Amino acid sequence: MKKLIFAIILFTSNFLLAQDANEVPFAVVEQVPVYKGCNKKLSNIELKKCMSNGISKHLVKNFNISVAKDLGLPDGKVKINILFKVDQNGEIIDIKATGPHPKLEEEAFRVINLIPKLTKPGYHKRKPVTVPYVLPLIFNIDNSLYKKKRKK
């Protein structure tokens, strides 16, 4: 039993050490990345809000919701989970999206890929760091709207 516990600890510690040491979660980074249009002189809390608002506006403006109309998805809420990272240069990298259909995932990827380079990367302990960012994209599908348009 002791050998098994030791093996698990050894495996887990190797796994944890293999993670990027220059990666700090958005919630705890000392200075969040600065999104285009956000004032660098704002407090970290205000910069978090500004970045979140900027990304939300970008999604609303650029996401083509009509992609969902011919996918055969049921009426109701659709959720796409989006994960990306802001690297040490302020570039968006490692975009991943999971949703109810690959075409929606592709559209989420496309839209996040359009985010311009951030004005400033995240900093932690006075060094630039990679900052992961996760957000859900939620919208409603109402297939009756598409059926009415087809009948006309």
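User: Is C38 buried or exposed in this model?
Analyst: The model is predicted. A residue counts as buried when its relative accessible area is under 20%. C38 has a relative accessible area of 8%. That value is under the cut-off, so C38 is buried.

User: Which residue forms a disulfide with C38, and how far apart are the sulfur atoms?
Analyst: A disulfide needs two cysteine sulfur atoms within 2.5 Å. By this rule the protein has 1 disulfide. C38 sits in the loop between α1 (2–18) and α2 (44–62), and its partner lies in helix α2, 12 residues apart from it. The partner is C50, and the sulfur atoms are 2.0 Å apart.

User: Is C50 buried, partly exposed or exposed?
Analyst: Partly exposed covers the range between the buried limit of 20% and the exposed limit of 50%. C50 has a relative accessible area of 23%. The value falls in that range, so C50 is partly exposed.

User: What is the handedness of the link between C38 and C50?
Analyst: Look at the angle about the S-S bond. For C38 and C50 it is -100°. The link is left-handed.

User: What pattern of helices and strands does the protein follow along the sequence?
Analyst: The protein has 4 helices and 5 strands. Reading along the sequence gives their order: α-α-β-β-α-β-β-β-α.

User: What share of the residues counts as buried?
Analyst: The protein has 152 residues. Its exposed surface is about 10,300 Å², with 57% of that supplied by carbon and sulfur atoms. The share of residues that count as buried is 33%.

User: Which element gives the most residues to the largest nonpolar core?
Analyst: The largest nonpolar core has 36 residues. I55, I80, I82, F84, L104 and F139 have the most contacts inside it. Elements giving two or more residues are α2, β1 (76–86), β2 (92–98), α3 (102–113) and β5 (131–141). The one that gives the most, with 6 residues, is β5.

User: Which residues does L104 touch, leaving out those up to four places away in sequence?
Analyst: L104 is one of the residues with the most contacts inside the largest nonpolar core. Its contacts include F63, V67, A68, L71 and L73. The list is completed by V78, I80 and F139.

User: In which sense do β1 and β2 pair?
Analyst: β1 and β2 form a hairpin with 5 residues between them. G90 lies in the turn and has a positive phi of about 90°. Across the pair, L83 stands opposite K96 in β2. Over 5 bridges, the sense is antiparallel.

User: Which backbone atom lies 2.7 Å from a polar atom of the side chain of H58?
Analyst: H58 is in helix α2. At 10% relative accessibility, H58 is under 20% and so counts as buried. H58 touches Y35, V111, L114 and I115, leaving out residues up to four places away in sequence. The atom at 2.7 Å is the backbone oxygen of V111.

User: Which backbone nitrogen lies 3.2 Å from a polar atom of the side chain of H124?
Analyst: H124 lies in strand β3 (residues 122–124). Beyond four places in sequence, H124 touches V24, V28, V29, E30 and V129. The nitrogen at 3.2 Å belongs to E30.

User: How far apart in space are H124 and V28, C-alpha to C-alpha?
Analyst: In sequence, H124 and V28 are 96 residues apart. They still touch. From C-alpha to C-alpha, the separation is 8.9 Å.

User: What distance separates the C-alpha atoms of I141 and V78?
Analyst: I141 is in strand β5 and counts as buried at 4% relative accessibility. Its contacts beyond four places in sequence are A68, L73, P74, D75, G76 and V78. I141 and V78 are 63 residues apart along the chain. Their C-alpha atoms are separated by 7.0 Å.

User: Among contacts between residues at least 6 apart in sequence, what share joins residues at least 24 apart?
Analyst: One contact that joins such residues is that of I141 with V78, 63 residues apart along the chain. For the protein, the share is 71%.

How values were computed:
Residues are numbered from 1 along each chain as its sequence is written. This is a predicted model: local features need pLDDT of at least 70, side-chain atom pairs count only at pLDDT 80 or more; totals for chains, interfaces and linings use all residues. Side-chain values use heavy atoms; hydrogens and water are left out. Buried means under 20% relative accessible area, exposed over 50%, partly exposed in between (1.4 Å probe, protein chains only). Contact means heavy atoms within 4.5 Å. Accessible areas come from the Shrake-Rupley method with a 1.4 Å probe; for residues, only the protein chains shown count as cover. A nonpolar core is a set of buried Ala, Val, Leu, Ile, Met, Phe, Trp, Tyr and Cys residues joined through side-chain atoms within 4.5 Å. A polar contact is a pair of N or O atoms within 3.5 Å; within protein, one must be able to donate a hydrogen and the other to accept it, and residues adjacent in sequence count only if both atoms are side-chain atoms. Two strands pair if DSSP finds at least two bridges between them.
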